Amino acid sequence: MLSMTALQRNHLYEIRGQQLRYSHRSNSRANAPFIFNDSKGRRKELSQNQVQREVFELNEFCEN
């Protein structure tokens, strides 16, 4: 299970087999969704329950 404080902006996460980049948490309402973007720039809003149950952090590899 992923801790809510463990989410880091612009880090890559996986949910239901799809890789999404964490953008931010919306402040628009009390039960604000977590905002993620896919590789095509489409916005996905996930509830706190979805994030806790289904989101896994991915390690990115880069060349030095």
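Let's start with one residue: Glu54 is buried, with a relative accessible area of 18%. The structure is a predicted model, and the protein chain has an average pLDDT of 78, with 73% of the residues scoring at least 70. Among the elements, β3 has the highest mean pLDDT (90), while strand β5 (residues 55-57) has the lowest (77).

**Salt bridges**

Four salt bridges turn up in a search of the whole structure. The table shows three of them.

| Pair | Closest N to O distance |
|---|---|
| Glu54 and Arg16 | 2.6 Å |
| Arg42 and Asp38 | 2.9 Å |
| Arg53 and Glu54 | 3.8 Å |

Through shared partners, Arg16, Arg53 and Glu54 join into one network. Arg16 is exposed, at 64% relative accessibility, and Arg53 is exposed at 56%. What does the salt bridge between Glu54 and Arg16 tie together? Glu54 belongs to helix α1 (residues 48-54) and Arg16 to the loop between β1 and β2, so the pair links parts that are 38 residues apart in sequence.

In the other pair, Asp38 is buried at 9% relative accessibility, whereas Arg42 is partly exposed at 47%.

**A hairpin and a core**

Strands β3 (residues 34-37) and β4 (residues 43-46) pair in the antiparallel sense over four bridges. Phe36 has Lys44 in β4 as its bridge partner. Five residues separate the two strands of this hairpin, and Gly41 in the turn has a positive phi of about 85°.

Phe36 also belongs to the largest nonpolar core, which has 10 residues, including Tyr22, Phe34 and Leu46. The elements giving two or more residues to this core are β1 (12-15), β2 (18-25) and β3. Leaving aside neighbours within four places in sequence, Tyr22 contacts Leu7, Phe34 and Phe36, among others.

Technical notes. Residues are numbered from 1 along each chain as its sequence is written. This is a predicted model: local features need pLDDT of at least 70, side-chain atom pairs count only at pLDDT 80 or more; totals for chains, interfaces and linings use all residues. Side-chain values use heavy atoms; hydrogens and water are left out. Two strands pair if DSSP finds at least two bridges between them. A nonpolar core is a set of buried Ala, Val, Leu, Ile, Met, Phe, Trp, Tyr and Cys residues joined through side-chain atoms within 4.5 Å. Buried means under 20% relative accessible area, exposed over 50%, partly exposed in between (1.4 Å probe, protein chains only). Contact means heavy atoms within 4.5 Å. pLDDT is the predictor's confidence in each residue, from 0 to 100. A salt bridge is a side-chain nitrogen of Lys or Arg within 4 Å of a carboxyl oxygen of Asp or Glu.
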